[in-house]
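User: I should like to learn how to read the features of a protein model. Please take them in turn, giving the general idea and then the case at hand.

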Amino acid sequence: MTGPGEPPPAPLPGAFVHTFLPGRVVFGAGALDQVASEVEALGVRRVLVIATSSARDAADVVEVQLNERFAGRIDGVAQHVPTAVADSARAKAHEVDADGIVAIGGGSAIGLAKAIALTSTSHGGEGLGVVAVPTTYAGSEMTPVWGETYGGRKTTGTDLRVLPRVVVYDPVLSQHLPMKVTAASVANAIAHCVEAVWTPRADPITETTAVEGLRALSSGLREVLAAPYDLDARGKLLYGACLAGSALATAGTGLHHKLCHLLGGTYNLPHAETHAAVLPQVVRINALAVPQAAARLTTALDTPSTDLTGGLFDLFQQAGTATSLQQLGMTAAQVDEAAAAFRPTENPVPVTEELVREILTRAWDGARP
Ligand code: NAD
């Protein structure tokens with residue numbers, strides 16, 4: 001205990017704080033069939049089903065299995081949860097008197113469920129019970145982070161009410177995810193793992209989760225590139241995505257994610273692809289400041305390159321995802337504008353406008369670090 005006016009004690013070497021988040025994961029090929037029993041176990045009576053356009057068949061199955069618990073359905077979602085879409089989904093949830101949501105799809109479908117849960121007062125004020133069934137590797141299902149976009153500006157926040165109570169991972173649902181979407185989505189998940197080792201909230205438990213997540217994502221991606229419909233490899237990617245989302249949930253975001261959110265929000269660049277172009281350039285700056293974690297990540301990445309930054313760049317190129325912001329439609333003038341607009345953030349290497357310009361210029365060129 002410190003007395004009034006005394007400075008807080010210096011942390012002991014090796015001291016850390018890690019908060020485990022509540023939640024249940026059901027994993028396996030065919031796990032979609034367990035959604036209805038998971039809903040029942042939650043005590044949810046009236047379910048609103050939200051499905052991305054590619055998940056309509058899966059939503060049909062869930063609708064039948066929910067039987068009298070099925071209350072309504074929203075087909076089709078929009079990226080970054082526009083407020084107009086969120087408002088109409090909230091109205092639908094109210095209209096059908098939903099006390100639970102099953103969201104099937106990528107980060108956009110799960111994001112819409114979170115937007116409803118954030119403002120709901122059902123379940124004694126605890127919000128709606130969300131069951132997430134992810135079909136991409138974005139990882140939103142494991143986090144209490146919500147986002148909503150209005151007038152081109154995305155607002156994000158953290159609230160435990162939006163954290164899905166159950167996540168059902170069924171590799172069959174992502175078996176036909178197109179390779180271009182797969183590669184970008186895996187890059188997004190890899191970014192969660194890598195950045196988790198250097199954010200201000202990084203800790204050894206999160207780091208171990210992130211390293212194992214990267215191992216699964218890197219080997220899973222190479223296997224899926226060789227055999228796109230291989231169910232074991234798709235399962236490996238979903239397992240990696242689960243760990244990546246968990247790491248993001250406890251470590252929070254840092255320089256890399258903040259840069260990607262600025263670029264996505266201001267210039268409408270595609271979310272997942274932007275991660276692939278920016279991450280190797282941020283790693284080039286930060287890896288030397290976190291040498292032990294970088295060494296563990298390099299081993300987990302397991303590419304011929306001996307350094308993390310080159311290994312990531314090569315893996316993204318091999319997977320065919322854009323490694324340059326120019327390819328994504330950003331202009332050179334926007335690089336300058338973004339560097340000037342970026343607000344400094346806590347980072348192992350002090351963040352200056354020059355540093356941000358250097359990262360973005362290299363990411364724009366797509367130069368191998
Ligand atoms: P997405 O959900 O928009 O899906 C991308 C595309 O893939 C869509 O066209 C979708 O219809 C299609 N698709 C999805 N699953 C498919 C399947 N199995 N087969 C064929 N096509 C399929 O994109 P995303 O990358 O999953 O999510 C991005 C969004 O999630 C962004 O808004 C991002 O900000 C958010 N996000 C939030 C968090 C968080 O913690 N809150 C974390 C990561 C991402």
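Analyst: Let us begin with a charged pair in this predicted model. The side chains of D99 and R45 form a salt bridge, at 3.6 Å from N to O. D99 lies in the loop between α3 (83-95) and β4 (100-105), and R45 lies in the loop between α1 (35-42) and β2 (47-51). The pair thus links distant parts of the chain, 54 residues apart.

User: How many salt bridges are found in the whole structure, and how many are counted between domain 1 and domain 2?

Analyst: The search of the whole structure gives 18 salt bridges. Between domain 1 and domain 2, the count is zero.

User: How should the contact between the domains be read?

Analyst: The size of an interface is often given as the accessible area lost when the parts come together. Here the domain assignment gives domain 1 (24-174) and domain 2 (179-365). Each side brings 20 residues to the contact. The two domains bury about 1,600 Å² between them, with 69% of that area on carbon and sulfur atoms. In domain 1, the residues that lose the most area to domain 2 are Y137, M142 and P171, which together make up 38% of what that side buries. The domain centres, taken over C-alpha atoms, are separated by 26 Å.

User: How does one read a pocket, and where does the second largest pocket lie with respect to the domains?

Analyst: Rolling a probe the size of a water molecule over the atoms shows where empty space is left. The second largest pocket has a volume of about 280 Å³. Because domain 1 and domain 2 both give residues to its lining, this pocket lies between them.

User: Which residues and elements line the second largest pocket?

Analyst: Its lining holds 19 residues, and F20, L21, M142, S246 and T250 lie nearest the centre. The elements that give two or more residues are β1 (24-27), α7 (204-226) and α8 (231-251). The largest share, four residues, comes from α8. By class, the lining has eleven nonpolar, six polar and two charged residues.

Conventions: Residues numbered from 1 in each chain as written. Predicted model: local features only at pLDDT ≥ 70, side-chain atom pairs only at ≥ 80, totals over all residues. Heavy atoms only, no water. 1 Å grid on protein atoms, 1.4 Å probe; cavity = no way out; pocket = protein on both sides within 12 Å on 5 of 7 lines; lining within 4 Å. Points joined across faces, edges and corners; volume = space filled by probe spheres on them. Nonpolar A, V, L, I, M, F, W, Y, C, P; charged D, E, K, R; others polar. Domains from an automatic or database assignment. Contact = heavy atoms within 4.5 Å. Buried area = accessible area lost by both parts, 1.4 Å probe. Salt bridge = Lys/Arg side-chain N within 4 Å of Asp/Glu carboxyl O.
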